[in-house]
Amino acid sequence: MDLDVTTEKVGTILVVRMAGELSTNSAEIFDARMRQLLDAGEARVVLDLAQVTYVSSMGLRSLMMVAKAVKAKNGALALAAVGRRVQEVLDIAGFTPLFNGKDLNGWVKEGPAGFEVKDGMLVCTGAGNWPTWLRTQEV
């Protein structure tokens, strides 16, 4: 199965919605797309994994590379709507701490990732602990 990647700009946050498998076959395409977005100046990124059904070792590498690239830009990264199967892969591989740092990254488990603007603020919905930088984003 391929990986479909769509983006949506919400204020200064780039929401990257992924659907399908982040596998050996799709990782290169995902890497190239993320490099393009980061090179274009994006530094605050939410990866919405609600529809990701599988992550391979190459997919894990891709996620790590995105995290490092965002950190190098002094940006911020959050994973949103991480399903149980993908969560297990991240846990087993020891990647959970990479996306759970209190300063740079955020972690949002399960449920759909939703965003709306209310009273000039970005409001995040869905279960989990949205990072402060994302919860309080002015638009």
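## Close-up views of a predicted chain

Contacts (heavy atoms within 4.5 Å) that bridge 24 or more positions make up 61% of those with a separation of 6 or more in the protein chain. This is a predicted model, in which local features need pLDDT of at least 70 and side-chain atom pairs count only at pLDDT 80 or more, while totals for chains, interfaces and linings use all residues. Residues are numbered from 1 along each chain as its sequence is written, and side-chain values use heavy atoms, with hydrogens and water left out.

**View 1. The whole chain: four helices and seven strands.** Going along the sequence, you meet them in the order β-β-α-β-α-β-α-β-β-β-α. Helices (H or I, at least four residues) and strands (E, at least two) are DSSP runs, numbered from the N terminus. Of the 139 residues, 45% count as buried; buried means under 20% relative accessible area, exposed over 50%, and partly exposed in between (1.4 Å probe, protein chains only). The accessible surface comes to about 7300 Å², and 50% of that belongs to carbon and sulfur atoms. Those areas come from the Shrake-Rupley method with a 1.4 Å probe, and for residues only the protein chains shown count as cover.

**View 2. The largest nonpolar core, with its 25 residues.** A nonpolar core here is a set of buried Ala, Val, Leu, Ile, Met, Phe, Trp, Tyr and Cys residues joined through side-chain atoms within 4.5 Å. Met 18 and Leu 47 touch the most other members. Two or more residues each come from strand E2 (13-22), helix H1 (24-39), strand E3 (44-55), helix H2 (57-72), strand E4 (76-82) and helix H3 (84-92). Another core, of six residues, lies apart from this one, and its members include Val 10, Val 15, Val 46 and Ala 80.

**View 3. Leu 47 and its contacts.** Leave aside the neighbours within four places in sequence, and Leu 47 still contacts Val 16, Met 18, Phe 30, Met 34, Leu 63, Val 66, Leu 77, Ala 78, Leu 79 and Ala 80. One of these, Leu 79 in E4, stands opposite Leu 47.

**View 4. E3 and E4, running parallel.** Five bridges join E3 to E4; two strands pair if DSSP finds at least two bridges between them. E4 is mostly covered, with seven of its seven residues buried. The chain gets from E3 to E4 through H2, in a right-handed β-α-β crossover. Right-handed means that, with the strands pointing away from the viewer, the path from the first strand over the helix to the second runs clockwise.

**View 5. Glu 42 with Lys 9, one salt bridge among five.** A salt bridge puts a side-chain nitrogen of Lys or Arg within 4 Å of a carboxyl oxygen of Asp or Glu. For Glu 42 and Lys 9 the N to O distance is 2.5 Å. Glu 42 sits in the loop between H1 and E3 and Lys 9 in strand E1 (residues 3-10), so the pair ties together parts 33 residues apart in sequence. Glu 42 is buried at 15% relative accessibility, whereas Lys 9 is partly exposed at 44%.

**View 6. Asp 48 with Arg 17, another salt bridge.** Their closest N and O atoms are 3.2 Å apart. The pair links distant parts of the chain, Asp 48 in strand E3 and Arg 17 in strand E2, 31 residues apart. Asp 48 is buried at 5% relative accessibility, and Arg 17 is partly exposed at 25%.
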